[in-house]
Amino acid sequence: MTTQGTDPEQLSLPKIVVPPHPVWPELNEKETRALKDRIKKLLKEQNGVLVAHYYTSGALQDLAEETGGCVADSLEMARFGTEHKAETLVVAGVRFMGETSKILNNEKRVLMPDLAATCSLDEGCPHELFSSFCDKYPDYTVVVYANTSAEVKARSDWVVTSGIALPIIKHLAEKGEKILWGPDKHLGRYVQKLSGAEMIFWPGSCVVHEEFRSVALERLKKLHPEAAVLVHPESTEAVIELADVVGSTTALIKAVTDMPNREFIVATDAGIFNKMRQLAPGKILMEAPTVGEGATCQSCANCPWMGMNSLQNLEEVLKTGKNEIKVSSELALKARIPIRRMLDFAKTMQKNN
Ligand code: SF4
């Protein structure tokens, strides 16, 4: 039997307040270069490394690479932080990414440009509520997406990222385990469809990916019949159905470089275009339409929380040491178990491929 839908008792989730997209003072080339040089010096002095997500600004992504850091999805960011020798990890991304780094590297200092940079999935999954939801299903294996707080991770059996969710769910389904999935319902339904696993879902969603619109996407596809449609699985089912490729940020970037198509319509945060353009400069990239088409969109394919990271506040945290991520060692110990499970699974998968 496959259980669809959310808790019948209807959870009352907190209302997500989406902040306006931050606007940073424009810098000319000379000012940007000077700022980057100051940051490079600070990173060196503090034995720090910059780990940036694909959804942050192009300037931050470029700086991470220029300074020996990394630009990656959340799985790779976590892995990179554990393997790098730096004493300070500066995480340009959203809060759960900084927390994951701290959980895995409790002895290291983890700084973030802005601690208010959160995520609608994390915000929409308060740990007390999630924990009582789990208590109602004691015979279910709890699998949570990485976009959750340290407390929610500590309550789970497995943590997954979008890149590894499907193989892990398939693995659990093969063992006959029933799965309680949280918090992204769209990604959950997507992996359920492909794995046939018995799952129940926490009803969370990403405000950015939920704004892509299938009807407008169909229209755009008609105008560009040769374009491949690339969709992140946090999007709605109707949008996923129109995709040629569904996958994590890393998988979508790989599709742009590997597929023979010249044109691509991309349904994920527009920050990803920086890496896509770098790796496939000859390709034509188009943003998939959001609610913004003829109406008001909240994010317009630009995550407002990711936008809270800039060169300016990065310099500020390195100068002041503020915005340090703290996770108690007791909590880190608990939350590390399901994250490690995922990393070990990923390692075994890599070895077998
Ligand atoms: S894009 Fe969505 S899932 Fe990613 S950080 Fe922003 S709100 Fe969270």
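Q: Which residues come nearest the ligand?
A: Start from the shell, then pick out its closest members. This is a predicted model. Here 15 residues lie around the ligand, and Cys119, Ser120, Cys206, Val208 and Cys303 come nearest.

Q: How many residues of the shell around the ligand are nonpolar, polar and charged?
A: Sort the shell by residue class. Around the ligand there are 10 nonpolar residues, three polar ones and two charged ones. Cys counts as nonpolar in this scheme.

Q: Which domains does the assignment give?
A: Read the bounds, and allow for split segments. Domain 1 covers 29-119 + 306-322, domain 2 covers 121-208 + 333-352, and domain 3 covers 209-287.

Q: What separates the centres of domain 1 and domain 3?
A: Take the centres over C-alpha atoms. They are 27 Å apart. Domain 1 puts 10 residues into the contact, and domain 3 puts in eight. On the domain 1 side, four of these residues are nonpolar, four polar and two charged.

Q: How many helices and strands are there in the protein?
A: Count both kinds of element. The protein has 15 helices and 12 strands. Its radius of gyration is 20 Å, close to the 20 Å from the globule rule for 353 residues, so the protein is as compact as a globular protein of that length.

Q: What box do the C-alpha atoms fill?
A: Use the principal axes. The box is roughly 60 × 55 × 45 Å.

Q: What share of the 353 residues counts as buried?
A: Burial is a neighbour count. Here 48% of the residues count as buried.

Q: What share of the contacts with a separation of 6 or more joins residues 24 or more positions apart?
A: Look at separation along the chain. Such pairs account for 66% of those contacts.

Technical notes. Residues are numbered from 1 along each chain as its sequence is written. This is a predicted model: local features need pLDDT of at least 70, side-chain atom pairs count only at pLDDT 80 or more; totals for chains, interfaces and linings use all residues. Domain bounds come from an automatic or database domain assignment. Two residues are in contact if their C-beta atoms, placed from the backbone, lie within 7 Å. A residue is near a molecule or strand if its C-beta atom, placed from the backbone, lies within 6 Å of it. Helices (H or I, at least four residues) and strands (E, at least two) are DSSP runs, numbered from the N terminus. The radius of gyration is taken over C-alpha atoms; the globule rule is 2.2 Å times the number of residues to the power 0.38. A residue is buried if 20 or more other C-beta atoms lie within 10 Å of its own, exposed if 12 or fewer, and partly exposed in between; C-beta atoms are placed from the backbone.
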